[in-house]
Amino acid sequence: MQSDMLAKCIAISRSHFLNVPYKDLTIDQIYGVDGIGNKASRICHYCSVDVLKNILENESLRFSDVRFLNDSTEFIEIIPLVKYVAQHEEYASEFIDMILNDSLIKELESYRQPYIGKEKNTQNYAEKVYRTYTCSFSTNKDSLTMWNYYATSGSGVNLIFDFAWNLFEGSDISEVNNSSHLENDITICRGLVLYQRMDKQKCIKALLDNLYEVYLQEDTIEKYQSHIQWAFKEAINNMRCFFKNDSFSCENEYRVILKIPEELLLEEITGQDGILKKGQFKRGNILIPYVDYKFKRDSLKGITLNPYVKEKESVFELGIRELLWQNKIHKVQIYRSAIPMRKYF
């Protein structure tokens with residue numbers, strides 16, 4: 001009985017429930033040209049031309065600490081939503097008290113999250129702590145909103161990658177929303193960002209419904225309470241980085257998350273685990289922690305020039321073509337933005 005309970009909790013803990021809002025869509029809505037099932041194809045990364053140069057020369061994409069993103073509610077927004085769903089659905093009060101346990105909620109409010117991983121030297125399982133880094137993409141390859149972020153100086157570009165599952169070694173599952181384990185206990189998670197409150201609540205309700213079903217099946221729930229709480233915490237951590245305030249819905253974000261053990265971040269960088277560089281970069285007067293992670297350069301298929309670049313064969317475009325040539329990157333198509341942007345001098 002205990003092994004069966006543990007198996008159920010492990011299955012729940014590994015789920016992210018991000019597909020729940022799409023379960024009632026038609027086949028065409030899922031697999032059509034603009035369907036949800038194709039949102040991991042032709043994903044785009046908006047950046048400045050300086051960042052493009054670093055990406056190509058270092059063959060890495062930059063992941064930023066999730067605490068420093070433009071949405072100040074990220075990572076913690078999910079907690080009041082969990083409380084709302086738990087208290088507005090027909091769950092037993094004992095179950096709600098177990099899920100909303102003060103110590104458990106306090107743990108979820110912390111940025112540093114514990115998990116069960118393998119010790120590097122002994123390969124024994126032990127509780128460790130990881131930190132969370134994210135790299136943002138968009139499903140819109142010519143977005144006025146995104147150009148306003150990155151092209152106001154006229155130096156923005158947009159990198160187009162063929163498939164999200166062709167970006168990084170070890171993350172080759174073609175599902176839009178999924179996670180994989182990489183070397184040295186790094187976990188990579190990919191998925192569409194959810195903006196609408198109703199969609200987020202559906203994901204949380206699906207999680208709580210699954211846990212409640214397990215809860216109702218056990219007569220001696222005190223014995224298995226820690227299992228259920230552990231599964232709850234793990235599943236919340238799997239989905240929380242894909243919730244964003246609906247004010248940012250115009251970004252149409254597709255996101256890649258790296259959960260990296262703290263002990264690995266404190267070691268000297270060798271590049272063997274995919275991390276090529278770590279440190280802080282400056283944005284305004286803020287120092288933002290980052291890791292540069294190796295990507296597969298053959299996944300880059302196109303570069304879109306910002307809307308301010310009007311003339312064909314511009315010097316701006318020529319410089320990018322030369323950058324590609326010098327880094328021996330071929331078969332990359334250069335596109336021009338279709339947005340009729342006017343620049344005032």
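Let's start with strand β8, residues 253-261. It is mostly covered: 9 of its 9 residues are buried. Keep in mind that this is a predicted model.

Which residues of β8 sit on each side? On one side we have Glu 253, Arg 255, Ile 257, Lys 259 and Pro 261. On the other we have Tyr 254, Val 256, Leu 258 and Ile 260. Every one of these is buried, so both faces of the strand are covered, with buried meaning under 20% relative accessible area.

Now the strands that pair with β8. Take β4, residues 125-138. It runs antiparallel to β8, and 9 bridges join the two. For one position to look at, find Thr 132: its bridge partner in β8 is Lys 259. Then take β7, residues 187-192. That pairing is antiparallel too, with 6 bridges between β7 and β8. Here, look at Arg 190, which stands opposite Val 256 of β8.

Next, one residue of β8 in detail: Glu 253. Buried or exposed? Glu 253 has a relative accessible area of 2%, so it counts as buried. What does its side chain meet? There is a polar contact of 2.5 Å between the side chains of Glu 253 and Ser 136. Leave aside the neighbours within four places in sequence, and Glu 253 is in contact with Ser 136, Phe 137, Ser 138, Leu 192, Val 193, Tyr 195 and Lys 244.

On to a helix. α3 covers residues 49-58, and Leu 52, Ile 55 and Leu 56 are buried in it. Why do we say they line one face? Viewed down the axis of α3, the buried residues fall within an arc of 90°, so one face of the helix holds them. What covers them? The cover includes four strands and a helix: β1 (41-48), β2 (60-65), β5 (156-163), β11 (300-305) and α11 (315-326). Just after α3 comes Glu 59. Check its backbone: phi is positive, near 55°.

Last stop, Lys 106. This residue lies in helix α6, residues 102-109. Buried or exposed? Lys 106 has 63% relative accessibility, so it counts as exposed; the cut-off is over 50%. How far is Lys 106 from Ser 247? The two are 141 residues apart along the chain, and their C-alpha atoms are separated by 27 Å.

To recap. β8 is buried in 9 of 9 residues. β4 joins it through 9 bridges, and β7 through 6. Glu 253 is buried, while Lys 106 is exposed.

Key
Residues numbered from 1 in each chain as written. Predicted model: local features only at pLDDT ≥ 70, side-chain atom pairs only at ≥ 80, totals over all residues. Heavy atoms only, no water. Buried < 20%, exposed > 50% of the residue type's maximum accessible area, 1.4 Å probe, protein only. Pairing = 2+ DSSP bridges. Arc of directions from axis to C-beta. Contact = heavy atoms within 4.5 Å. Polar contact = N/O pair within 3.5 Å; in protein donor to acceptor, adjacent residues only side chain to side chain.
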